[in-house]
Amino acid sequence: MKLMIDDANLENIKKIYEFFPIDGVTTNPSILAKNKKQPFEVLKEIREFIGSEAQLHVQVIAEDADGMRQDADRIQKELGNNTYIKIPATKEGLKAMKMLYEEGFFITATAIYTQMQAFLAAKAGAEYVAPYVNRIDNLGANGIRTTKEIYDIFKNNGFKTKVLAASFKNSQQVLELCTYGIGACTVSPDVLEGLIKNDTVAMAVKAFARDFEGLCGTGKTMANCN
Ligand code: E4P
């Protein structure tokens with residue numbers, strides 16, 4: 001399963017990249033707005049930092065298919081290889097996906113709240129579809145179940161489209177989808193930190209170090225003990 005950062009703040013991205021095994025970055029218009037820098041200024045900085053091999057997912061703003069196509073052209077031109085054009089899975093979005101797929105763009109269908117949106121986006125040529133796990137939960141439905149069913153639909157229909165699950169609020173939601181073997185998750189920096197944060201583990205590691213120092217002396221490690 002690929003793991004991506006759902007953020008556009010370069011400092012946050014750098015901090016996460018230093019420690020976590022990360023495959024790319026996803027953004028959306030609200031994430032860009034929160035960052036307060038001009039879109040292409042920050043997106044180019046992110047591309048430069050993550051390199052041309054990593055995935056960068058960037059959303060169109062236009063709501064009609066022709067406008068989406070123009071947004072996609074600019075995004076692709078500015079950000080280069082391995083840039084995925086995020087297109088909301090609306091009726092106009094499906095039209096844009098079909099056109100852009102024919103032209104060889106990588107498409108991530110976004111704003112996925114239902115299995116049927118995902119099915120149609122896959123048929124229209126999306127490389128990824130992004131179901132919004134937590135937002136689906138907030139509607140009183142079940143985001144994990146919806147995401148698993150989308151995965152099953154793709155498998156049972158022989159689609160090459162992969163699931164890029166998004167909108168997570170806790171580790172359990174991510175874990176359930178890792179266990180199921182979906183294609184990718186995109187996770188905010190604070191939820192990513194929560195995947196490994198565990199005071200019991202930290203205490204166990206401290207106790208190992210204390211015991212070793214009892215044997216070899218303060219500050220000693222395998223690098224400098226006798
Ligand atoms: C990804 O495609 C979505 O834009 C994003 O993950 C939504 O996350 P949120 O529900 O935390 O805003």
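This passage describes the fold of one protein chain and then looks at two helices and two residues within the chain.

The model is predicted, so local features are described where pLDDT is at least 70, side-chain atom pairs count only at pLDDT 80 or more, and totals for chains, interfaces and linings use all residues. Residues are numbered from 1 along each chain as its sequence is written, and side-chain values use heavy atoms, with hydrogens and water left out.

The protein chain contains 11 helices and 8 strands; helices (H or I, at least four residues) and strands (E, at least two) are DSSP runs, numbered from the N terminus. Along the principal axes, the C-alpha atoms fit a box of roughly 70 × 40 × 30 Å. Of the 226 residues, 43% are buried, where buried means under 20% relative accessible area, exposed over 50%, and partly exposed in between (1.4 Å probe, protein chains only). Contacts (heavy atoms within 4.5 Å) with a separation of 6 or more come to 56% from residues 24 or more positions apart. About 12,200 Å² of the chain is exposed, with carbon and sulfur atoms supplying 53% of this area; accessible areas come from the Shrake-Rupley method with a 1.4 Å probe, and for residues only the protein chains shown count as cover.

Helix 1 spans residues 10-19, and its buried residues are L10, I13 and I16. They lie on the same side of helix 1 because they cover an arc of only 130° around the axis, the arc being that of the directions from the helix axis to the C-beta atoms. This fits a general rule: an α-helix has 3.6 residues a turn, so residues three or four places apart point the same way. On the other side of helix 1, K15, E18 and F19 are exposed. The buried residues pack against strand 1 (2-6), strand 2 (24-26), helix 3 (39-50) and helix 10. At the N-terminal end, N9 acts as a cap, with a side-chain oxygen 2.9 Å from the backbone nitrogen of E11. Such a polar contact is a pair of N or O atoms within 3.5 Å; within protein, one must be able to donate a hydrogen and the other to accept it, and residues adjacent in sequence count only if both atoms are side-chain atoms.

Helix 9 (residues 171-180) buries Q173, V174 and L177. These residues are on the same side of helix 9, since their arc around the axis is only 95°. Their cover includes helix 7 (133-138), helix 8 (143-157), strand 7 (162-165), strand 8 (184-187) and helix 10 (189-194). At the start of helix 9, a side-chain oxygen of N170 comes to within 3.1 Å of the backbone nitrogen of Q172. After helix 9 comes G181, with a positive phi near 80°.

Two individual residues complete the picture. T147 belongs to helix 8 and is buried, with a relative accessible area of 0%. Its side chain reaches the backbone oxygen of G143 at 2.7 Å. Not counting residues up to four places away in sequence, T147 touches P131, V133, V163, A165 and L177; L177 is also one of the buried residues of helix 9.

N28 sits in the loop between strand 2 and helix 2 (29-35), and is buried at a relative accessible area of 13%. A polar atom of the N28 side chain lies 2.9 Å from the backbone nitrogen of S30, and the side chain of N28 also reaches the backbone nitrogen of I31 at 2.7 Å. Beyond residues up to four places away in sequence, N28 touches Q59 and K86.
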